[in-house]
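Here's a short set of exercises to work through with the model open in your viewer. Try each task before you read its solution.

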Amino acid sequence: MNLSRRGFFKLTGATFAAGALAEVFGPANALAAESVPELRIQGATESPTICCYCSVGCGGICSVIDGELVNLEGDPDHPINRGSLCSKGSAQFNIRNVYDPETGKLILNPARQTKVKYRAPGAAEWEEKDWDWAITEIAKRIKATRDATYETTDENGVTVNRTEAIGNLGGAALDDEECYLIQKLARAIGVTYIEHQARI
Ligand code: SF4
């Protein structure tokens, strides 16, 4: 038998453990212990994360092996959720990975969008664009809309300095600092309609 050093230790370790368990609990329990699969987070690097779905902000732990996410679960040390996650939070792992219905193997989620998609007014098809194009285009359109609709006073002559043609909708994936900056920008350019997805 061609057995590596690592394989030898695994085999002898497993045999010893099975033997010891058989001694203490009997052969049936030892057999059950032998068939327990290795933990999928064994040897993984853990990083804390925040759930992307709502403003409760539950904490999670991402387990990564060789650059691949192998598990995502609630963080027991997080003060908000103390390890628990709701059904949406529990399904976060499947944003990136899903099980192939044909093979049962873990694969990258084919439905996940990782590129900018743009559908021009009146067009039926989506085009792939890069981020530089998208950010420049968004900035250009915000500026044009603001310039065309900005009002310094209302119908009663009261100073308002606003545009009512732009709305700002925040998302739960934004952290405090990002929200602070986005609010600053929105108010600085005169946006008054500022909302958050979690209140809708
Ligand atoms: S969606 Fe669920 S798990 Fe995620 S932050 Fe909200 S309550 Fe927590």
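For the class counts that follow, Ala, Val, Leu, Ile, Met, Phe, Trp, Tyr, Cys and Pro are taken as nonpolar, Asp, Glu, Lys and Arg as charged, and the others, Gly among them, as polar. Keep in mind that this is a predicted model.

**Exercise 1. Describe the largest pocket: its volume, its lining and the residue classes in that lining.**

Step 1: start with the space, which comes to about 270 Å³.
Step 2: look at the wall. The lining has 15 residues, and Ile 50, Ala 172, Ala 173, Leu 174 and Asp 175 are the ones nearest the centre.
Step 3: sort the lining by class, and you get eight nonpolar, four polar and three charged residues.
Step 4: find the main contributor. That's helix α6, residues 176-188, which supplies three residues.

**Exercise 2. Work out which element gives the largest share of the lining of the second largest pocket.**

Step 1: the volume here is about 200 Å³.
Step 2: list the lining, namely Val 116, Lys 117, Tyr 118, Trp 131, Trp 133, Ala 134, Glu 137, Ile 138 and Arg 141.
Step 3: map these onto elements. Those giving two or more residues are β6 (116-118) and α5 (131-149).
Step 4: α5 takes the largest share, with six residues.
Step 5: by class, the lining splits into six nonpolar and three charged residues, with no polar ones.

**Exercise 3. Is Val 116 buried or exposed?**

Step 1: place the residue, which sits in strand β6 and helps line the second largest pocket.
Step 2: apply the cut-off. Buried means under 20% relative accessible area, and Val 116 has 12%, so it counts as buried.
Step 3: check for a contact across the chain. The C-alpha atoms of Val 116 and Lys 129 are 5.3 Å apart, although 13 residues separate the two along the chain.

**Exercise 4. Sketch the sheet that contains β1, β2 and β3, and say why β1 and β3 each have one side without a neighbour.**

Step 1: write down the order, β1-β2-β3, for an open sheet of three strands with antiparallel pairing.
Step 2: β1 (45-50) and β3 (68-74) are at the edges with a single partner strand each, so one side of each has no neighbour in the sheet.
Step 3: add the twist, which averages 30 degrees from one strand to the next.
Step 4: zoom in on β1 and β2 (residues 59-65), an antiparallel pair joined by six bridges. Thr 49 faces Gly 60, while Ile 50 has Gly 59 as its bridge partner. Ile 50 is also among the residues nearest the centre of the largest pocket.
Step 5: count burial in β1. Of its six residues, zero are buried, so the strand lies largely in the open.

**Exercise 5. Where do Asp 66 and Arg 82 lie, and what is the sign of phi at each?**

Step 1: recall the background. Most residues other than glycine have a negative phi.
Step 2: Asp 66, not a glycine, has a positive phi of about 50 degrees. Its place is the loop between β2 and β3, and it is exposed at 78% relative accessible area.
Step 3: Arg 82, also not a glycine, has a positive phi of about 45 degrees. This residue lies in the loop between β3 and α3 (87-90) and counts as exposed at 66% relative accessibility.

**Exercise 6. Sort the shell around the ligand by class.**

Step 1: collect the residues: Cys 51, Tyr 53, Cys 54, Val 56, Gly 57, Cys 58, Leu 85, Cys 86, Lys 88 and Gly 89.
Step 2: the split is seven nonpolar, two polar and one charged.

Technical notes: Residues are numbered from 1 along each chain as its sequence is written. This is a predicted model: local features need pLDDT of at least 70, side-chain atom pairs count only at pLDDT 80 or more; totals for chains, interfaces and linings use all residues. Side-chain values use heavy atoms; hydrogens and water are left out. A residue is near a molecule or strand if one of its heavy atoms lies within 4 Å of it. On a 1 Å grid over the protein atoms alone, a cavity is a set of points where a 1.4 Å probe fits but cannot get out, and a pocket is an open set with protein on both sides within 12 Å along at least five of seven lines; lining residues have an atom within 4 Å of a point. Grid points are joined across faces, edges and corners, and a volume is the space filled by probe spheres set on the points. Helices (H or I, at least four residues) and strands (E, at least two) are DSSP runs, numbered from the N terminus. Two strands pair if DSSP finds at least two bridges between them. Axes are lines fitted to C-alpha atoms, for helices over the stretch in contact, and angles run from 0 to 180 degrees between N-to-C directions. Buried means under 20% relative accessible area, exposed over 50%, partly exposed in between (1.4 Å probe, protein chains only).
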